[in-house]
Amino acid sequence: MRGVIFGDYHTYEDWKLILNAKNISPPSPKIVKVQVDGRDGDINLSRTLTGEMKYSNREASFTFLVTEGSQEEREELINSIVNLLHGNELKIIEPDDLDHYLIGEIVVTKTTNDKAYGTIEISADLEPYRYSISEVNRTITASETKVDVVLNNTGRKTVTPTLTVDGSINLEFGSSSASLETGTYKLSNLNLRSGATVVTISGTGFVVFTYREAVI
């Protein structure tokens, strides 16, 4: 039975709720344009700061039917669900995209409970991206000879990988470089935009690049 996962709870497996309707809107691009007198058209500043488009939060809504048990039992269940979800920031996995999760604030907007069945309406203010359930883990063994390694980001969101080093590793990327000993690092200037990023590696030991891709 189709259901939605809110945090640790599956709406059908845990509560026997029937998903009656859902709507998840795409995030709106943050378009910034400036009108200049004497100039045709507008100046588009949307990508000025980062070189890429940024997005507003996305909205989602879900409606569930509560059909199991007596009216009193349904009322108890509805109250329990409200206490578990309302006002909490949670991961959401919806049934039409099991490879990604959304994250945001959950609000129970309306509940009903008559003699036949009950309803629960839920809205969510969500971050713009759908995050991959699985992280990318790329292990590279270093040697004295410099090797170019291509790190692919198949998502849309720029990500900063976590580097786990065992040994002594030298990195070159763009106009930057870093020398790292055994440990775990995040380099603020090593960012993987959508597509391919080339990192040159040398040294002894190995380094693991870990990052989570995100799509719209």
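# Exercises on aromatic pairs and surface patches

At 43% relative accessibility, E59 falls in the partly exposed class. This structure is a predicted model, so let's work through it with that in mind.

**Exercise 1. Place E59 in the chain, then find which residues join E59 in a patch of negative charge.**

Solution. Start with the chain: E59 belongs to strand β6, which covers residues 58–66. Next, check the class: partly exposed lies between the buried limit of under 20% and the exposed limit of over 50%, and E59 has 43%. Now turn to the surface, where E59 gathers with E89, E105 and D125 in a negatively charged patch.

**Exercise 2. Work out how the rings of F6 and F64 are arranged, and whether these residues are buried or exposed.**

Solution. A handy reminder to begin with: an aromatic ring pair is described by the distance of the centres and the angle of the planes. The structure has six aromatic pairs. For F6 and F64, the ring centres are 6.4 Å apart and the planes stand at 75 degrees. Planes over 60 degrees apart count as edge-to-face, so the F6 and F64 pair is edge-to-face. The pair links distant parts of the chain, with F6 in strand β1 (residues 5–6) and F64 in strand β6, 58 residues apart. As for cover, F6 is buried because its relative accessibility is 0%, and F64 is buried with a relative accessible area of 0%. One last step: F6 and F64 form one aromatic cluster together with F62.

**Exercise 3. Repeat the analysis for Y55 and Y129: what is the arrangement of their rings?**

Solution. Take the geometry to begin with: the centres lie 6.2 Å apart and the planes meet at 80 degrees, so Y55 and Y129 make an edge-to-face pair. Then locate the partners: Y55 sits in the loop between β5 (42–44) and β6, while Y129 sits in the loop between β9 (118–126) and β10 (130–132). They are 74 residues apart, and their pair links distant parts of the chain. Finally, apply the buried limit of under 20%: Y55 has a relative accessible area of 14% and is buried, and Y129 is buried at 9%.

**Exercise 4. Which residues make the nonpolar surface patch of about 320 Å²?**

Solution. The patch is made by V32, V34, V36, I43 and L45. Let's follow L45 a little further: L45 lies in the loop between β5 and β6. With a relative accessible area of 34%, L45 is partly exposed.

Notes
Residues numbered from 1 in each chain as written. Predicted model: local features only at pLDDT ≥ 70, side-chain atom pairs only at ≥ 80, totals over all residues. Heavy atoms only, no water. Patch = residues over 30% accessible without salt bridge, like charges linked within 9 Å, V, L, I, M, F, W, Y side chains within 5 Å. Areas by Shrake-Rupley, 256 points an atom, 1.4 Å probe, with all protein chains shown as cover. Salt bridge = Lys/Arg side-chain N within 4 Å of Asp/Glu carboxyl O. Lys, Arg positive; Asp, Glu negative; His and termini not counted. Charge placed at Lys NZ, Arg CZ, Asp CG, Glu CD. Helix = DSSP H or I, 4+ residues; strand = E, 2+ residues; numbered from the N terminus. Buried < 20%, exposed > 50% of the residue type's maximum accessible area, 1.4 Å probe, protein only. Phe/Tyr/Trp six-rings, centres within 6.5 Å; stacked < 30°, edge-to-face > 60°.
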